[in-house]
Amino acid sequence: MNFPKLTASILAISLLSSCAKKETPEVKNYWPQAGVTYEIFVQSFYDSNGDGIGDFNGVTQKLDYVKELGANAIWFMPIMPSPTYHKYDVTDYKAVHPDYGTLEDFKKLLEEAHKRDIKIVIDMIINHTSNQHPWFLEAKSSRDNPYRDYYVWAQKDTIADFLNKKVITLDSDNIQQWHDPGIGEDFYYGFFWGGMPDLNFDNPKVREEIFEIGRFWLEEVGVDGFRLDAAKHIFPDDRPLDNHEFWKEFRAKMEAIKPDIYLVGEVYDKKEVVAPYLPGLPALFNFDFHYTLLETMNTGEGMLLAKKQKEILDFYQGITPNFIDATISSNHDQPRLLNELGSDPEKYKQAISVLLTMPGAPYLYYGEEIGMLGLKPDENIREPFLWDVKEKDTGRASWIESKYSTDETVTPLALQKADPKSYFNHYKTLIALRNSHPALAVGKLELPDQEYPKSIMAYFRKTAGQEIFIVHNVGKEEVELELPVGFEEVIFGLGDGVNTNGKLKLSGNSSRVYLKE
């Protein structure tokens, strides 16, 4: 099949349209196994009351937008009371932050989301509390306080050799684990920061408190699941087996309350460390996918990611056949994807084409679909969403002055909706393609036997009734390759490519998705 040189998004839309004329594929909701989840930082999303801070009512007003994008679920970054803007240090586990609204506002949001078949997952931060949490204020007051054993304490002279011995990890650059509360000779343990004292999970009372908090959010509020922050740090890193056992216990307790609960864990590490958590946390973020995607796009090593993903999935399969691979291209802890790809729009669109045609349950970070920008510190990766040009954007949050995502650097959503070549329409097209082709959503990943040019990433996605071949040229130069037999119908195209009798010439940063006839 030959194609004239069309721009990426126009070609993609025209291909989907021609496919629709033949037979309109059924759009399905594959969540949780392979559905699309949209990560929202409420503070930066939509401000409904003009105080400069995004809120629950603002999210409720924008649920139709999430539905239009094609996402099946929302993951909310922390929504509980906290002294910090990011709210990863909780002071009350059975309340919501007043800046975001009331618990009734949140329940209304839940109700409206469920009407639209959108599930709601909230961040659950149980590795640590805030140092302003009532439990910790009691615990530090004296050695014989009933809450003392809710945290981990040591006398200063017993930990002198360990005060500054922490190695920087992927999920923390804090080098001091033990902290002085300024009362007596006892220090408390806090893996991430002194403002986040770790809870003592050797204490059965602490575990019961946590299980009760889970029950509250599932039964009394009605959320669909939890994203479990810092899941590998429940116990110190030298006690991984205790971590694994805790999450099995947590899962059993939560499933007794809500049998279909969704649990996704943050275990920020390589596959060998991540995999043993699967029996307790059936969904785990695939950070290897994120880093290898960046390496692939920035080096032009085509099969690097395809081989890595196949290796990871096979490895997980050896642990349990029932797992959910939560793939990500970015999140609230990493620089924005467009920055990581050198602000190259062709690379950016192709990276998303890879994410949404690979197996897994992809997570999309708010604002990525309009090409928002951001670099560390974290506040600047979490800047306000641009809904419209500034003078018309009544819901744009203003709690922070944006440094990277401004009207000068990012085209607001309202303008992107009208542009078939926009990032937004690229995301929307790919999500619709995925949700309407079972092989792209839940199909197995198979790698071709033949060798391709260095810059080619090629893979098959297969179900019993459907077979799809995907090819990406992640380099900048045009390459030629031979297509597998039977793959002629193009259902998605990015960039320029011409197929002449089974020989495909594919330009740099161009992709094709073929459906076997």
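The following conversation looks at a predicted model of a protein chain and at the reasons behind the words used for it.

Visitor: What makes the radius of gyration of the protein chain agree with that of a compact globule?

Guide: A compact globule of 517 residues would have a radius of gyration near 24 Å, and because the protein chain has 24 Å, the two agree. The C-alpha atoms fill a box of roughly 80 × 50 × 40 Å, taken along the principal axes, and the chain holds 16 helices and 19 strands.

Visitor: How much of the protein chain counts as buried, and which share of the contacts joins residues 24 or more positions apart?

Guide: Of the 517 residues, 61% count as buried. Among contacts with a separation of 6 or more, 67% come from residues 24 or more positions apart. The exposed surface of the protein chain is about 20,200 Å², of which carbon and sulfur atoms supply 50%.

Visitor: Why is K271 called buried?

Guide: The word buried is used for a relative accessible area under 20%, and K271 has 10%, so K271 is buried. This residue is placed in helix α9, which covers residues 271-274.

Visitor: How do you know that a polar contact joins the side chains of K271 and E311?

Guide: A polar contact needs a pair of N or O atoms within 3.5 Å, and the side chains of K271 and E311 are joined at 2.9 Å, so the pair meets that distance limit. Not counting residues up to four places away in sequence, K271 touches D288, E311, I312, F315 and Y316.

Visitor: What makes E368 a buried residue, and where does E368 lie?

Guide: E368 has a relative accessible area of 1%, and because the limit for buried is under 20%, E368 is counted as buried. Its place is in the loop between β11 (363-365) and α14 (413-417). Apart from residues up to four places away in sequence, E368 touches S330, R336, L337, Y348 and Y427.

Visitor: Why is helix α13 described as mostly covered?

Guide: Helix α13 spans residues 345-355, and nine of its eleven residues are buried, each of the nine being under 20% relative accessible area, so the description follows from that count. The buried residues of α13 include Y348, I352 and L355. One of them, Y348, is also touched by E368.

Visitor: What makes D344 a cap for α13?

Guide: A side-chain oxygen of D344 lies 2.9 Å from the backbone nitrogen of E346, and D344 caps the N-terminal end of α13 in this way. That distance of 2.9 Å is within the 3.5 Å set for a polar contact, so the pair of atoms satisfies the distance limit.

Visitor: Why does F289 count as buried, and which residues is F289 in contact with?

Guide: F289 has 0% relative accessibility, and since buried means under 20%, F289 therefore counts as buried. F289 lies in helix α10 (residues 287-299). Leaving aside neighbours within four places in sequence, F289 is in contact with L305, Q309, T327, I328, L355 and M358, and L355 is among the buried residues of α13.

Visitor: How do you know that phi of K87 has a positive value, and is K87 buried or exposed?

Guide: Phi of K87 is near 70 degrees, which is a positive value in a residue other than glycine. With a relative accessible area of 1%, set against the limit of under 20%, K87 is therefore buried. K87 is found in the loop between β2 and α5.

Visitor: What is phi of A230, and why does A230 count as buried?

Guide: Phi of A230 is near 50 degrees, a positive value in a residue other than glycine. At 0% relative accessibility, A230 is under the 20% limit, so A230 counts as buried. Its place is the loop between β7 (225-228) and α8 (240-257).

Visitor: Which peptide bonds from W31 and from K376 are cis, and where do P32 and P377 lie?

Guide: The bond from W31 to P32 is cis, with omega near 5 degrees, and P32 is in the loop between α1 (8-22) and β1 (37-40). The bond from K376 to P377 is cis, also with omega near 5 degrees, and P377 is found in the loop between β11 and α14, where E368 is placed as well.

Key:
Residues numbered from 1 in each chain as written. Heavy atoms only, no water. Helix = DSSP H or I, 4+ residues; strand = E, 2+ residues; numbered from the N terminus. Rg over C-alpha atoms; globule rule 2.2 N^0.38 Å. Buried < 20%, exposed > 50% of the residue type's maximum accessible area, 1.4 Å probe, protein only. Contact = heavy atoms within 4.5 Å. Areas by Shrake-Rupley, 256 points an atom, 1.4 Å probe, with all protein chains shown as cover. Polar contact = N/O pair within 3.5 Å; in protein donor to acceptor, adjacent residues only side chain to side chain.
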